[in-house]
Amino acid sequence: MVMGDVATGTDVLVIGGGPGGYVAAIRAAQHDLDVTLVERDAYGGTCLNHGCIPSKAFITAADLAHEAGNAEAMGIHADPAVDMAGLAAWKDDVVDQLTSGVEKLCKANGVHLLEGTAAFKDDHTARIAHGGEGQGMESVEFEECIVATGSRPLEIPGFSFADEPVWASKDALAAEAVPDELVVVGAGYIGMELSTTFAKVGADVTVVEMLDSALPAYDEDVTRVVRSRAADLGVDFQFGEGASEWHETGDGIEVVTETDEGETASYDADKVLVAVGREPVTDTLELDTIGLEPDENGFLATDDRARTEVDHIYAVGDVAGEPMLAHKASAEGVVAAETTAGEPAALDHQAIPAAVFTDPEIGTVGMTESEAADAGYDPVVGEMPMRASGRALTMNESEGFVRLVGDGETGFLLGAQIVAPEASELIAELGLAIELGATIEDVASTIHTHPTLSEATMEAAENAMEQAIHTLNR
């Protein structure tokens, strides 16, 4: 059906239906604003459809299979087989439940939904190109606009995602068969999560990383635990090498790497997963028509109310800069929406938690010890090794630690780093503690359930106060 060129109006136009956009749209509608949300692909964005949710479903299934097959110490003997097609169907069902839920929530809150690609025509009008040939164009006039167009994976020269053996992360998560041999380019959080996951379901995995370590954004003692565990699973790390090209070999492919010194190496594979980062999507918006220009990395600069240099244009989520995290996008979406409604909202980024779903998981929030020192604090640090946790031992998962960083003068909790099972859940308590201005003593004096992993946070706080009971004080 040809829709033709029609024109509508709205108070708030939200471009992009990911965790920044749909949250912004719903919150603005809750303030009785007329809201239109434009999405060109699928509601829920990369997070729900191609990232956070499908990857965690895959990781959960791989963990279950691996644990069942490696539980001899508990007296359990099993040889599980992973049916990737069945796993993919279950994962897709989880995704479908969530994405359809987003669409229903938007409609229930009165958000008008439009499918298509939006670009600015002028500073109060956007043109929506509906998907498919002959589907027509639509103009939407708006008072205010929230840009939440997200990001896309970076390609590297010689490795086009259009080539069948070259995977972006979304391709890896849609796999219906486990490759015998997988080369992963990049040892960031996506590369590390998927390399350990594919190793658990039977692939021989080689990770190629130009830097000299994995997860460079985290402290070395944090990443050492994860890297060691991945190596135990059979992941082969090749640091100091960059992928330069790939060739077909008849029964697979060969990935060629090169060092800074020009030395080359090659690795056989069935697939090569390129996970070297993501870039914000701003090139589809025709920003020049409203006088807005991204920075050299493609990000839109925003103030503490998520406003860009054009007062009535907001940017949230991946397009607004690092960290590219779904919960950061949602928080920015809420602030942008409440600002459009005239509410006194503002961003506070001091307690944004982050998690990496490796084995074991990593959870962080706030400052590290060195960051606290650089910021002028006299940091005090307390740690609890997971090998001293009764609950961790009963889970047969005793690698890692909980570390708290506090201000030596005031006692305020400044940050935490956890590498441990369920670190992604454990970090929430410490994010709340920072948000509420809690002290190390507050955490230490909070009675924690026994036996749980969360006891380690209490013990680490006691360790920082040199009052630890179950570990030696530092």
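**Entry 1: the β12-β13-β14 stretch**

I take two strands as paired when DSSP finds at least two bridges between them, and I apply that reading to what is a predicted model throughout. I began with strand β12, residues 242-248, and strand β13, residues 253-258, which pair in the antiparallel sense over six bridges. To fix the register I looked up Gly242, and its bridge partner in β13 is Glu258. The two strands form a hairpin with four residues between them, and in the turn I noted that Gly250 has a positive phi of about 105°.

I then followed β13 to its other partner, strand β14 (residues 264-269), and found six bridges joining the two in an antiparallel arrangement. For the register here I used Val255, whose bridge partner in β14 is Tyr267. This second hairpin has five residues between its strands, and Gly262 takes a positive phi near 90°.

**Entry 2: the parallel sheet and the helix across it**

Which order do the strands of the five-stranded open sheet follow? I read β8-β15-β9-β10-β11, with parallel pairing. The edges are β8 (166-167) and β11 (236-239), each of which pairs on one side only. At the β11 edge I checked the pairing with β10 (residues 204-209), which is parallel and rests on four bridges, and I recorded that Glu209 stands opposite Phe239 in β11.

Helix α6, residues 189-200, lies across β8, β9, β10, β11 and β15, and I noted that the helix runs at about 165° to β10.

**Entry 3: Val272 in the sheet**

I chose Val272, a residue of strand β15, as a probe of the surroundings of that strand. Is Val272 buried or exposed? With a relative accessibility of 0%, Val272 counts as buried, the cut-off for that label being under 20%. Leaving aside neighbours within four places in sequence, I listed Phe159, Pro165, Val166, Trp167, Leu182, Val183, Val185, Ile253 and Val255 as contacts of Val272. One of these contacts, Leu182, is 90 residues away along the chain, yet its C-alpha atom and that of Val272 are separated by 5.8 Å. Val255 also appears in that list, and I had already met this residue as the bridge partner of Tyr267 in β14.

**Entry 4: salt bridges**

I counted 17 salt bridges in the model and looked at several individually. Glu193 pairs with Lys56, the closest N and O atoms being 3.1 Å apart. Glu193 lies in helix α6 and Lys56 in helix α3 (residues 52-69), so this pair ties together parts that are 137 residues apart in sequence. Glu193 has a relative accessibility of 4% and therefore counts as buried.

Next I looked at two pairs that each sit within a single helix. Glu220 and Arg224 meet in a salt bridge at 2.5 Å from N to O, and both belong to helix α7 (residues 220-232), four residues apart, about one turn of the helix. Glu220 is partly exposed at 43% relative accessibility, and Arg224 is partly exposed too, at 40%. In helix α8, residues 326-340, Lys328 and Glu332 are likewise four residues apart, about one turn, and their side chains meet in a salt bridge of 3.3 Å, N to O; here I found both residues buried. I also noted a network of salt bridges that links Asp63, Lys200, Arg229 and Asp359.

**Entry 5: α1 against α8**

Staying with α8, I looked up how it packs with helix α1, residues 21-30, and found an angle of about 30° with the axes 8 Å apart. Angles under 35 degrees count as roughly parallel, so α1 is roughly parallel to α8. I recorded the crossing as right-handed. On the α1 side the residues that meet α8 are Val23, Ala24, Arg27 and Ala28, and they face a set in α8 that includes Ser330, Gly333, Val334 and Ala337.

**Entry 6: β4, β5 and β6**

Last, I turned to strand β4 (residues 117-122) and strand β5 (residues 125-129), which pair in the antiparallel sense over five bridges. How many residues join β4 to β5 in their hairpin? I found two. For the register, the bridge partner of Thr117 in β5 is Ala129. β5 also pairs in the antiparallel sense with strand β6, residues 137-147, over five bridges, and there I noted Val140 in β6 as the bridge partner of Ala126.

Note on methods
Residues numbered from 1 in each chain as written. Predicted model: local features only at pLDDT ≥ 70, side-chain atom pairs only at ≥ 80, totals over all residues. Heavy atoms only, no water. Contact = heavy atoms within 4.5 Å. Axes fitted to C-alpha atoms, helices over the stretch in contact; angles between N-to-C directions. Salt bridge = Lys/Arg side-chain N within 4 Å of Asp/Glu carboxyl O. Buried < 20%, exposed > 50% of the residue type's maximum accessible area, 1.4 Å probe, protein only. Parallel < 35°, antiparallel > 145°, perpendicular 65-115°, else oblique. Left-handed = near helix turned anticlockwise from the far one by under 90°.
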